[in-house]
Amino acid sequence: MRELLDSHDLLLVTLDTLRYDVARDCAAAGRTPNLVRALPGGRWERRHTPASFTYAAHHAFFAGFL
């Protein structure tokens, strides 16, 4: 990771309460064009969290990247 971060900028965004199915449908309908441009391949990728509350979910997310 250190080699990648020395040559690239990294933006890590968390979107609380974002449902995958709603985000996917809005993107497919063209309702979120600015956000879709930032997504890999212009599509949402399904992800799962180890918890249903913010601290544990974000802790696991950030620990995986940092």
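**Fold.** I read the secondary structure along the sequence and noted the pattern α-α-α-α. That is four helices and zero strands. I kept in mind that this is a predicted model.

**Confidence.** I looked up the pLDDT next. The mean for the protein is 80, and 83% of its residues reach 70 or more. I then checked where confidence is lowest and where it is highest. The low end is helix H1, residues 2-7, with a mean of 70, and the high end is H2, at 93.

**Surface and burial.** I took the accessible surface of the whole protein, which comes to about 5900 Å². Carbon and sulfur atoms account for 56% of that area. I also looked up the buried share: 14% of the 66 residues.

**Helix H2, buried side.** Which residues of H2 are buried? In this helix, which runs over residues 20-28, I found Ala 23, Cys 26 and Ala 27. Looking down the axis of H2, I saw these buried residues fall within an arc of 100°, so they line one face of the helix. The general rule I wrote beside this is that an α-helix has 3.6 residues a turn, so residues three or four places apart point the same way. I then asked what the buried residues of H2 pack against. The partner is H3.

**After H2.** I checked the backbone just past the end of H2 and found Gly 30 with a positive phi of about 80°.

**Salt bridges.** How many salt bridges does a search of the whole structure find? I got two.

In one, Arg 19 is paired with Asp 21, and their closest N and O atoms are 2.5 Å apart. I looked up the accessibility of Asp 21: its relative accessible area is 28%, so I entered this residue as partly exposed.

In the other, Arg 24 is paired with Asp 25, with 3.2 Å between the closest N and O atoms. I checked both partners for exposure. Arg 24 has a relative accessibility of 35% and therefore counts as partly exposed. Asp 25 is at 45% and is therefore entered as partly exposed too.

**Asp 25 again.** I placed Asp 25 in helix H2. I also took its C-alpha to C-alpha distance to Trp 44, which is 9.7 Å. In sequence, Asp 25 and Trp 44 are 19 residues apart.

**Nonpolar patch.** I looked for nonpolar side chains on the surface and noted a patch of about 470 Å². Which residues make this patch? I listed Leu 11, Val 13, Leu 15, Leu 18 and Leu 35.

I followed up on one of them, Leu 35, which lies in helix H3, residues 33-38. Is Leu 35 buried, exposed or partly exposed? Its relative accessibility is 37%, so I entered Leu 35 as partly exposed. I noted again that H3 is the helix the buried residues of H2 pack against.

Notes:
Residues numbered from 1 in each chain as written. Heavy atoms only, no water. Patch = residues over 30% accessible without salt bridge, like charges linked within 9 Å, V, L, I, M, F, W, Y side chains within 5 Å. Areas by Shrake-Rupley, 256 points an atom, 1.4 Å probe, with all protein chains shown as cover. Salt bridge = Lys/Arg side-chain N within 4 Å of Asp/Glu carboxyl O. Helix = DSSP H or I, 4+ residues; strand = E, 2+ residues; numbered from the N terminus. Buried < 20%, exposed > 50% of the residue type's maximum accessible area, 1.4 Å probe, protein only. Arc of directions from axis to C-beta. Contact = heavy atoms within 4.5 Å. pLDDT = per-residue confidence, 0-100.
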